[in-house]
Amino acid sequence: HVVAVWNKEEGKLYIYVDGDEKATLNVSGNFREPDSNSRYYVVGGDPAGSSATDAWPGTITFARIYDAPLTADQVSTLYSNLKK
């Protein structure tokens, strides 16, 4: 169970595994909707229209996008609820 939380205001990306914070990265930039010719949703890669580079070669079984960054407690609750 992996959760990535991007907090634009803090300029941070938090990575959680099984409810525990494993990494914090300094990040900048803006979220941008894909171009109309984009065909991929890429994890850890660079979507470039009709192709993608450096993508994670795995399977996503469930994904959520929230309108506000989750707190560490909220991420922990997500994992606790998943285990039930």
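**A three-stranded antiparallel sheet**

Strand 1 and strand 2, the latter spanning residues 12-17, are paired in the antiparallel sense through 6 bridges. The model is a predicted one, and this pairing makes a good place to begin a walk through it. Across the pair, Trp6 is found opposite Leu13 of strand 2. The link between strand 1 and strand 2 is a hairpin, with 4 residues lying between the two strands. Within that turn, Gly11 adopts a positive phi of about 70°.

The next pairing follows along the chain. Strand 2 also pairs with strand 3 in the antiparallel sense, again over 6 bridges. Here Tyr16 has Glu21 of strand 3 standing opposite. A hairpin joins strand 2 and strand 3 as well, this one with 2 residues between the strands. Its turn holds Asp18, whose phi is positive at about 50°.

Taken together, the 3 strands build an open sheet with the order 1-2-3 and antiparallel pairing. Strand 1 (2-7) and strand 3 (20-26) are the edge strands, each of them pairing on one side only. From one strand to the next, the twist averages 20°. As a general reminder, strands of a sheet pair through backbone hydrogen bonds, in either a parallel or an antiparallel arrangement.

How values were computed: Residues are numbered from 1 along each chain as its sequence is written. This is a predicted model: local features need pLDDT of at least 70, side-chain atom pairs count only at pLDDT 80 or more; totals for chains, interfaces and linings use all residues. Side-chain values use heavy atoms; hydrogens and water are left out. Two strands pair if DSSP finds at least two bridges between them. Axes are lines fitted to C-alpha atoms, for helices over the stretch in contact, and angles run from 0 to 180 degrees between N-to-C directions.
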